[in-house]
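User: Could you walk me through this model, starting with how the chains touch?
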Amino acid sequence: MPLAAAVFITLFTLRLKYVSSFISIGTIVAGFILTVVFINANGWQPTPGESVRQWLPIDGLNVEFGLRLDPLSLMMMLIVTGVGGAIHFYSRGYMHDDSGMARFFAKLSLFTFSMLGIVLANNFIQMFIFWELVGVSSYLLIGFWFEKPSAGDAAKKAFIVNRLGDFGFLLGILMVWALLGSLNFSTLQGLISQNPAALGASATIAGLLIFCGAVGKSAQFPLHVWLPDAMEGPTPVSALIHAATMVAAGVYMLCRIFFLLNSPALEVIAYIGGFTALLAAVIAVQQDDIKRIIAYSTLSQLGYMVMSVGLHGQTPAMFHLTTHAFFKALLFLSAGSVIIALHHEQDIWKMGALRQKMPITFVTFLVGGLALSGIWPFAGFYSKDSILAQALSRHDFEGNLLFAVGVFVAALTTFYTFRLFFVVFCGKEKSDTASHAHESPLVMTLPLIVLAFFAFIGGLIGVEGVYNRIFSGEPGESTGFASALFEPFAHSPLAASLGILAFLIGLACAYVLYAKADKDPLPERLGGLATAMKNKFYFDEIYEATFVRAHDFIAAVADWIDRWIVEGFCIGLIRGGTDLTGRGLRFLQTGNLQTYAFLFVLGVAVALYFVLR
Amino acid sequence: MDLQNILFYIFAALTLGCGALVIANPFSRNPVTSAMFLVLTIVSMAGLFVLLHAFFLAAVQILIYAGAVIVLFLFVISLLDLKAEATRKVKLFGLLAGVIAVGAILTIFLKNLGATLFNADSKPVVEGGTSELGKVLFTNYVLPFEVVSVLLLVAMIGVILLSKKKLD
Amino acid sequence: MQVGLEHYLTVSFVLFALGLFGVIMRRNLLIIYMSLEMMLNAANLALVAFSRFNNKLDGQVLVFFIITVAAAEVSVGLALIVALYRRRRSAHVEDLTSLKF
């Protein structure tokens with residue numbers, strides 16, 4: 001349905017801003033309602049229902065077009081349509097004075113369609129197609145304000161980096177198909193469960209190649225460089241793509257194909273996830289743009305999720321994905337609210353004392369920040385804690401190491417979140433625009449409140465139980481509300497208490513440093529390290545110097561070859577040859593009638609000879 | 001020898017002799033003499049047609065070819081007022097070209113001659129009289145007949161246009 | 001010796017060869033044209049001979065058409081030669097070389 005909306009808007013209503021927004025919002029809300037109805041009707045079955053159409057029967061490969069509706073995809077659909085719906089609402093307010101609003105909604109609908117496609121795909125090829133579609137839609141959305149050259153560059157960067165990951169993904173898909181002969185998820189799952197060693201020696205490589213796709217899409221190291229630049233797009237875009245859905249597509253994919261990944265691959269995945277989490281958190285400590293801070297925190301949380309998958313913990317990963325969708329979208333949208341109120345100002349050192357001026361945003365942002373930092377009883381606590389518990393439960397070196405990393409990153413998360421919070425909302429106004437800010441309109445604050453609510457209670461509504469049932473097949477005991485409240489403490493007290501300790505440390509540091517600060521005190525304390533952090537550890541510059549230069553060089557060589565060899569030599573040869581032949585043949589045109597007659601006769605003789613043979 | 005055979009040989013010799021004289025008269029290079037010998041060639045050919053039982057065509061040949069076409073030639077010759085051309089040397093290249101061309105056609109002819117031996121007397125002969133020819137013409141070949149009449153019209157128009165002097 | 005088809009064909013061929021020779025060798029435009037007419041006549045003779053020896057009349061009908069068309073062609077050709085003569089003041093084929101490269 002969102003596809004119909006996208007097409008319809010593009011074709012018909014590009015001028016009518018408000019009509020377009022209604023169409024777009026309508027389809028996504030309808031999708032949400034349909035999902036809820038479906039769930040109510042059928043319950044959370046563990047068995048998938050599929051509907052399949054044969055699409056491309058090529059020899060040896062049967063590409064089908066199917067829809068797979070099992071609890072995992074249903075949950076994702078809820079997230080996509082629910083959070084996406086909130087964001088659609090919000091966009092109406094955010095973009096209301098932008099001339100390209102209709103185009104924006106068309107692209108939003110396209111993106112929603114692609115995302116739903118990934119979620120509902122039942123085989124690799126279809127997923128890959130929609131994967132690419134999501135990449136395209138994100139390119140369109142990030143570069144929405146295409147008049148800004150930085151936006152266009154960011155969009156290109158996002159797409160190209162994504163493509164690198166997709167290349168590995170495609171190789172992985174091909175390997176799986178070559179080794180196992182099918183691309184359908186249920187078939188593959190059946191094959192692997194019958195014969196765990198079916199993939200043979202190249203199982204690790206295949207798994208890692210498929211993981212490349214997740215690396216690109218979910219912005220893990222080393223393909224993380226596109227995510228911060230993607231903040232060039234409008235804030236609702238950042239919320240939708242980078243908080244709730246697209247980056248989560250990578251994690252979703254990993255959970256979907258979890259049965260294909262064996263232990264060595266999973267180890268690598270876990271380490272990459274942990275490293276990304278650490279790296280991103282460190283960089284985030286020194287950023288000054290409000291959206292970039294939140295972007296790096298997204299990176300960090302994604303690292304958590306990937307790490308969790310690598311530790312054989314699908315449930316915590318998906319759980320964290322769900323809660324992260326809520327509170328990250330909430331954070332982005334609140335930030336957007338702030339940005340709009342300050343007339344598109346994004347530097348946090350120009351904000352301040354917004355607590356009094358924008359109370360609703362203040363509260364929602366606080367809720368989101370607390371959820372992100374993982375304090376009980378907010379949703380983030382439960383999900384983050386379950387990841388940490390998963391790490392601990394492995395009882396091996398890897399698990400313990402990653403547990404320590406996870407705790408440290410949690411502390412850092414709190415630190416930079418509250419750095420942001422204090423600088424933006426407390427203290428004195430740091431610029432004129434800050435003193436003139438006012439609260440945002442209802443159409444923007446209403447989604448904020450809804451999301452805040454979910455961020456608050458997300459840990460308690462049995463989401464985890466659903467995921468548990470999906471992945472391990474145990475029937476979840478329905479626990480009472482109170483026991484659910486305190487469940488993590490009973491489950492794994494070490495993880496829970498360390499988590500809370502990390503939060504307190506981070507909060508204290510942030511308060512001390514930033515509560516009354518006018519400018520950032522850290523650079524004096526940490527010196528060079530702070531500068532490196534601020535410049536994102538120069539990743540972009542390294543990539544530029546190596547890959548981009550190499551690429552330019554190859555392109556220059558190809559150009560030389562084309563110009564001199566292909567064009568000069570080959571074409572020149574043909575051109576010269578034709579010229580000489582023409583000059584030679586010119587002498588046949590004598591202009592003499594009798595010569596022509598003579599040639600006629602000769603020709604007739606030859607023709608007759610062959611005819612009468 | 002049969003009378004028909006004798007007549008054939010006579011007419012054939014006449015045709016070929018006059019034909020040779022059309023193109024290469026050693027006595028005079030006047031185009032009018034060539035035209036005269038062409039007339040004689042055509043008349044001998046009419047004789048050959050009669051020997052082949054094509055009576056109507058023989059008549060038509062004399063009427064149109066000898067009567068109209070050659071007359072037209074003579075008109076044009078006198079209109080152009082050609083003086084006897086100064087003798088230009090026979091170009092060797094032209095001679096060689098001619099020989100080659102004729103040789104080529106000769107080989108084709110000889111090669112295919114063996115394939116066309118018919119016995120003339122085994123079947124009843126169809127007389128080429130006027131009414132028989134007319135019957136075939138107006139039943140099987142009506143369309144070409146009409147088209148040729150249009151062609152004549154077009155030729156007439158073309159000639160009138162081509163020979164107009166510029167109107168100043 | 002009984003005169004058969006091959007005799008007539010030989011006559012036709014020789015006449016044709018003579019015409020061909022005239023077209024290639026002579027340099028007066030009008031004589032070239034006359035040789036051309038001779039070639040047409042040779043073809044007519046061959047056709048009538050075939051018609052006689054196949055005992056059908058179709059060859060003669062074709063000759064009928066050929067004579068007609070030859071008449072039309074001669075008129076147009078001569079009109080062309082006259083126009084050409086008016087332009088170039090010469091009826092000599094070696095002077096007509098404006099198509100030369």
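Analyst: The contact between chain C and chain A takes 10 residues from each of them, where two residues are in contact if their C-beta atoms, placed from the backbone, lie within 7 Å. This is a predicted model, in which local features need pLDDT of at least 70 and side-chain atom pairs count only at pLDDT 80 or more, while totals for chains, interfaces and linings use all residues. Residues are numbered from 1 along each chain as its sequence is written, and chains are lettered from A and ligands numbered from 1 in the order in which they are written.

User: What classes are on the side of chain C that touches chain A?
Analyst: That side of chain C has seven nonpolar, two polar and one charged residues, with Ala, Val, Leu, Ile, Met, Phe, Trp, Tyr, Cys and Pro counted as nonpolar, Asp, Glu, Lys and Arg as charged, and the others, Gly among them, as polar.

User: Switching to chain B, at what angle do α1 and α2 pack?
Analyst: Helix α1 (residues 3-23) of chain B packs against helix α2 (residues 31-51) of chain B at about 160°, their axes being 8 Å apart. The two are therefore roughly antiparallel, a label for angles over 145 degrees.

User: And which residues make that contact?
Analyst: Among them are F8(B), F11(B) and L14(B) of α1(B), and F37(B), L38(B) and M45(B) of α2(B). The residues of this contact divide into 14 nonpolar, seven polar and no charged.

User: How much of chain A is buried?
Analyst: Of the 613 residues in chain A, 50% are buried, that is, with 20 or more other C-beta atoms within 10 Å of their own.

Technical notes:
A residue is buried if 20 or more other C-beta atoms lie within 10 Å of its own, exposed if 12 or fewer, and partly exposed in between; C-beta atoms are placed from the backbone. Axes are lines fitted to C-alpha atoms, for helices over the stretch in contact, and angles run from 0 to 180 degrees between N-to-C directions. Helices (H or I, at least four residues) and strands (E, at least two) are DSSP runs, numbered from the N terminus. Angles under 35 degrees count as roughly parallel, over 145 as roughly antiparallel, 65 to 115 as roughly perpendicular and the rest as oblique.
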